[in-house]
Amino acid sequence: MELNSYFEGVVWGLTFVGILLIPYTIFFAVYLLAKSNMFFTIVQEGTAKAILMNGKFHKMLVSFRGHGFKGKPPGNEIDRWEVVEKDHIDENFFGRIITKITLGLIDGGGLYWVGIYPFAQIHLFKFKWSSLEQKNDGDKPIVTFNTKEEWLQAVLVRSDVYALFLENIEVKGSVPVNMIFATTIKITNPYKALFRIEKWLEATLNQLGSELRRILGSHTYEELVEKTKGSGGFNVENEQAIMDLIKKILDNYGVSVEKIQLLDMSLDTIFVTATTQRYVAEQKALAEIALAGGEEARIRKVYCAINEIPNGLTI
C-alpha cells in the first residue's frame with residue numbers, strides 16, 4: 001500500500017513537472033527556429049531586418065526602443081519604412097502573446113513571426129566596412145584600420161562610426177596628402193539602404209570621398225594644417241557642396257551622414273621619400289661643389305706660395 005502511494009506520488013510529480021516543461025519546450029523550440037530564421041526571427045535592439053516572400057520584398061521588422069516605422073503614407077509605399085521617434089509604438093503581437101502566456105518570464109519583444117518557411121525568408125546581404133583603432137607609438141597616437149566583410153541579415157538603425165581613408169589627395173602645389181576621416185552614419189530608411197543601392201556604405205563613402213577631394217584640393221597643405229589646429233578641427237560640413245550631397249544621399253538611399261571628422265593628415269610616404277632623396281642629392285651636390293672649390297683654393301694657395309720663393313723651389 002505504501003509502495004503504491006509512493007509510485008502514485010512520483011507519477012503526480014512527473015506529471016506536474018511535465019506540465020511545466022511543455023510550454024518551456026515549445027518556446028525553446030520556437031527560439032531555436034528563430035535563431036535559424038525559420039518561421040520566426042530575433043531582431044536585436046537597434047537593428048532592422050527585411051523579409052522576402054518568394055524572393056520579393058514583403059516587409060521590414062525593427063527593434064529600436066522609442067522608435068518605429070513611419071507607417072504607410074498616401075501614395076508612397078517606400079516612405080512607410082522610415083524609422084522615426086514615436087511616443088506610442090505598435091507592439092509586436094507575437095512577442096506580446098509570449099510574454100503574457102509565460103506571465104512575463106519570457107520577454108518576447110525581439111521575437112517576430114516571419115512567415116511560412118521556405119516561402120518567407122530573411123534577406124541576407126554581404127557587408128564590408130572599416131572601423132578605426134587608435135594605438136600609441138610613444139607620444140604619438142597612430143590611427144589604424146580594421147576592415148571586415150561578412151554576410152549579415154540585419155542593418156543598424158542607430159548611429160555608428162565608419163572609417164573613410166583618402167589617399168593621394170592633390171592639394172595646391174601638387175602636394176599629395178593622405179587623410180583619415182571618421183564618419184558618423186545612421187540608416188533612417190532600411191528599405192532604401194538595402195534595395196535602392198547595391199552597397200549603401202560603399203556608395204556613400206565613395207561619393208563623400210570624391211567631393212572631399214575636390215574641396216580639399218583647393219587648399220594648400222599649410223592651410224589644411226592651420227585649419228586642423230582649431231578646437232573644432234577642419235569642419236568640412238560647413239561646405240555647401242557637402243551639405244547638398246548629404247541631403248541627396250539621405251533622400252536617395254535613406255542614409256543619414258551625421259558627422260564627418262578629420263582624424264589624421266599626413267604627407268604621402270612616396271612623396272616624402274622622393275622629396276627627402278632629392279634634398280639629400282642636392283645637399284650632396286652642394287657638398288661636392290664646396291669640396292671641389294676648397295681643393296681649388298688650396299692648390300692656388302700652394303701655387304702662390306711657391307711663386308713667392310726666391311729663385312723658385314729647389315728640389
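Let me begin with the charged pairs: when the whole structure is searched, four salt bridges are found, and I should say at once that what we are looking at is a predicted model. Side chains of opposite charge can pair when their charged atoms come close, and I will take you through three examples before moving on to the aromatic residues, the surface and the backbone.

The pair to look at now is K186 with E258, where the closest N and O atoms are 3.6 Å apart. This salt bridge links distant parts of the chain, since K186 belongs to strand β12, residues 175-187, while E258 belongs to strand β13, residues 255-267, and the two are 72 residues apart. How accessible are the partners? K186 counts as partly exposed, at 25% relative accessibility, and E258 likewise counts as partly exposed, at 35%.

While we are at strand β13, please find S256, which lies in that strand. Is S256 buried or exposed? With a relative accessibility of 16%, S256 counts as buried, because the cut-off for that word is under 20%. If we set aside the neighbours within four places in sequence, S256 is in contact with T184, I185, K186, T188 and L250, and so K186, which we have just met as the salt-bridge partner of E258, appears again in this list, which also rests on the contact cut-off of heavy atoms within 4.5 Å.

The next salt bridge joins R214 and E211, with 2.5 Å between the closest N and O atoms. Here both residues sit in helix α4, which covers residues 200-216, and they are three residues apart, or about one turn of the helix. The two ends of this pair fall into separate classes of accessibility: R214 is exposed, with a relative accessible area of 51%, whereas E211 is buried, with a relative accessible area of 18%.

For the third example we go to helix α6, residues 240-253, where K247 and D251 are placed four residues apart, again about one turn of the helix. Their closest N and O atoms are 2.9 Å apart, and the two form a salt bridge. K247 counts as exposed, at 52% relative accessibility, while D251 is partly exposed, at 37%.

Let me turn to the aromatic residues. How many aromatic pairs does the structure hold? There are 14 of them. One is made by F127 and W129, and this pair is stacked, with the centres 5.4 Å apart and an angle of 20 degrees between the planes. A pair of aromatic rings is described by the distance of the centres and the angle of the planes, and that is the reason for quoting both values. Both of these residues are buried, F127 with a relative accessible area of 10% and W129 with one of 18%.

Elsewhere, F57, F69, W81, Y191 and F195 form one aromatic cluster. Within that cluster I would point you to W81, since R80 lies over the face of its ring, at 4.6 Å from the ring centre.

Now for the surface. Which residues form a nonpolar patch there? They are L21, Y24, F28, Y31 and L32, and together they have about 500 Å² of accessible area. To place the patch, take L21, which is found in helix α1, residues 2-35. L21 is partly exposed, with a relative accessible area of 44%.

Finally, there are some points about the backbone. In the loop between α1 and β1, the latter being residues 40-42, we find N37, and F39 is placed in the loop between α1 and β1 as well. N37 has a positive phi of about 60 degrees although it is not a glycine, and F39, also a residue other than glycine, has a positive phi near 70 degrees. As for their accessibility, N37 counts as buried, at 12%, whereas F39 is partly exposed, with a relative accessible area of 24%.

The last backbone feature is the peptide bond that joins Y117 and P118, which is cis, with omega at about 5 degrees. P118 has its place in the loop between β6, residues 111-113, and β7, residues 120-122.

Note on methods: Residues are numbered from 1 along each chain as its sequence is written. This is a predicted model: local features need pLDDT of at least 70, side-chain atom pairs count only at pLDDT 80 or more; totals for chains, interfaces and linings use all residues. Side-chain values use heavy atoms; hydrogens and water are left out. Patches are made of residues with over 30% relative accessible area and no salt bridge: like charges are joined within 9 Å, nonpolar side chains (Val, Leu, Ile, Met, Phe, Trp, Tyr) within 5 Å. Accessible areas come from the Shrake-Rupley method with a 1.4 Å probe; for residues, only the protein chains shown count as cover. A salt bridge is a side-chain nitrogen of Lys or Arg within 4 Å of a carboxyl oxygen of Asp or Glu. Buried means under 20% relative accessible area, exposed over 50%, partly exposed in between (1.4 Å probe, protein chains only). Rings of Phe, Tyr and Trp (its six-membered ring) pair if their centres lie within 6.5 Å; planes under 30 degrees apart count as stacked, over 60 as edge-to-face and the rest as tilted. A charge sits over a ring if NZ of Lys or CZ of Arg is within 6 Å of the ring centre and within 35 degrees of the ring normal.
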